Amino acid sequence: MLYLADHAHFPYGTRPLADVRKFATQFTRRLRAEGVKLITVTCNAASTAALHQLREAFPDTPFVGMEPAVHSTGTGAVGVLATEATFQGELFSSLLERFARDTAVLTQACPGLVELVEKGERYSARAHALLLRYVQPLLERGVDTL
């Protein structure tokens with residue numbers, strides 16, 4: 001198992017999708033050269049920007065990306081916290097079409113959250129306040145799955 005973190009280019013959420021695709025392709029080539037048999041793209045922005053293209057460019061490599069959560073809702077309302085880049089990509093739209101036809105999917109971009117997490121401020125007062133600002137409106141609209 002190899003883990004590759006792109007600290008040189010993060011956060012991806014504010015970058016143009018073309019840049020994220022380029023980075024993902026470069027890293028895929030590098031991982032394949034190391035003999036990796038399966039690649040998990042754990043960044044939603046990278047999944048959104050590049051997963052479809054990676055699967056086409058490297059058909060012999062299985063890729064795992066972000067998955068839908070619509071099957072867990074009891075109220076029929078799902079909230080999605082992500083970066084702007086995640087919501088702009090065709091993968092997110094495709095997931096909504098395929099899995100969320102009968103589900104209200106409420107989206108909330110979270111500028112600043114990635115930066116706090118990357119600084120190690122996951123449990124700080126600033127992170128808590130930011131999360132409340134993003135999550136509270138979704139809860140008020142009936143979201144039971146996030």
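Thr-28 sits in helix α1 of this predicted model, and with a relative accessibility of just 3% it falls under the 20% cut-off, so it counts as buried. Setting aside residues up to four places away in sequence, Thr-28 touches Ile-39, Leu-54, Phe-58 and Phe-63. Keep Leu-54 and Phe-63 in mind, since both names return further on.

One place back along the chain is Phe-27, also part of helix α1. Phe-27 is buried too, with a relative accessible area of 16%. Its contacts, again leaving out neighbours within four places in sequence, are Leu-4, Asp-6 and Tyr-12. For a sense of distance, take Phe-27 and Glu-56: they are 29 residues apart in sequence, and their C-alpha atoms are 15 Å apart in space.

Now zoom out to the helix itself. α1 covers residues 17-33, and a quick sanity check on its geometry works out: at 1.5 Å a residue, its 17 residues should span 24 Å, and the end C-alpha atoms are indeed 24 Å apart. Which residues of α1 are buried? Besides Phe-27 and Thr-28, the list holds Leu-17, Val-20, Phe-23, Ala-24 and Leu-31. Look down the axis of α1 and these buried residues fall within an arc of 135°, so they line one face of the helix. Swing around to the other side of α1 and you find Arg-29, Arg-30 and Ala-33 exposed. The cover over the buried residues of α1 includes β1 (39-40), α2 (44-57), β2 (63-64) and α3. After the helix comes Gly-35, with a positive phi near 90°.

That leads to the packing. The largest nonpolar core has 20 residues, and the members that touch the most others are Tyr-12, Val-41, Leu-54 and Phe-63. The elements giving two or more residues to this core are α1, α2 and α4 (90-99). Leu-54 is a handy place to look around from: not counting residues up to four places away in sequence, it touches Ala-24, Thr-25, Thr-28, Val-41 and Phe-63. There is also a second, separate core of six residues, and its members include Cys-110, Leu-113, Ala-127 and Leu-130.

Before following that second core, a stop at Thr-61, in the loop between α2 and β2. Is this loop residue buried or exposed? Thr-61 has 6% relative accessibility, under the 20% limit, so it counts as buried. Its contacts, leaving out residues up to four places away in sequence, are Arg-32, Lys-37 and Ile-39. Ile-39 is a name we met at the start, as a contact of Thr-28.

Next comes α3, where Gln-88 makes a nice contrast. Gln-88 lies in this helix, residues 84-88, and is exposed, with a relative accessible area of 54%. Even so, Gln-88 touches Leu-17 and Thr-48, not counting residues up to four places away in sequence. Gln-88 and Leu-113, a member of the second core, are 25 residues apart in sequence and 18 Å apart in space, C-alpha to C-alpha.

Ring pairs are worth a look as well: the model has two aromatic pairs. One of them joins Phe-87 and Phe-92, whose ring centres are 5.1 Å apart with planes at 70°, so the pair is edge-to-face. Both partners are tucked away: Phe-87 counts as buried at 16% relative accessibility, and Phe-92 is buried with a relative accessible area of 8%.

Finally, helix α6, residues 125-140. The same sort of length check holds here: at 1.5 Å a residue, its 16 residues should span 22 Å, and the end C-alpha atoms are 22 Å apart, which agrees. The helix does have a kink, though, of about 30° at Tyr-134, shortly before the proline Pro-137. Tyr-134 is also among the buried residues of α6, along with Ala-127, Leu-130, Val-135 and Leu-138. Two of those names, Ala-127 and Leu-130, belong to the second core. What lies over the buried residues of α6? The cover includes β3 (77-82), β4 (104-109) and α5 (113-118). Just after α6, Gly-142 takes a positive phi of about 95°.

How values were computed: Residues numbered from 1 in each chain as written. Predicted model: local features only at pLDDT ≥ 70, side-chain atom pairs only at ≥ 80, totals over all residues. Heavy atoms only, no water. Helix = DSSP H or I, 4+ residues; strand = E, 2+ residues; numbered from the N terminus. Buried < 20%, exposed > 50% of the residue type's maximum accessible area, 1.4 Å probe, protein only. Contact = heavy atoms within 4.5 Å. Expected span 1.5 Å × (residues − 1). Arc of directions from axis to C-beta. Core = buried A, V, L, I, M, F, W, Y, C linked by side-chain atoms within 4.5 Å. Bend = angle between axes of the 7 residues up to and from the residue. Phe/Tyr/Trp six-rings, centres within 6.5 Å; stacked < 30°, edge-to-face > 60°.
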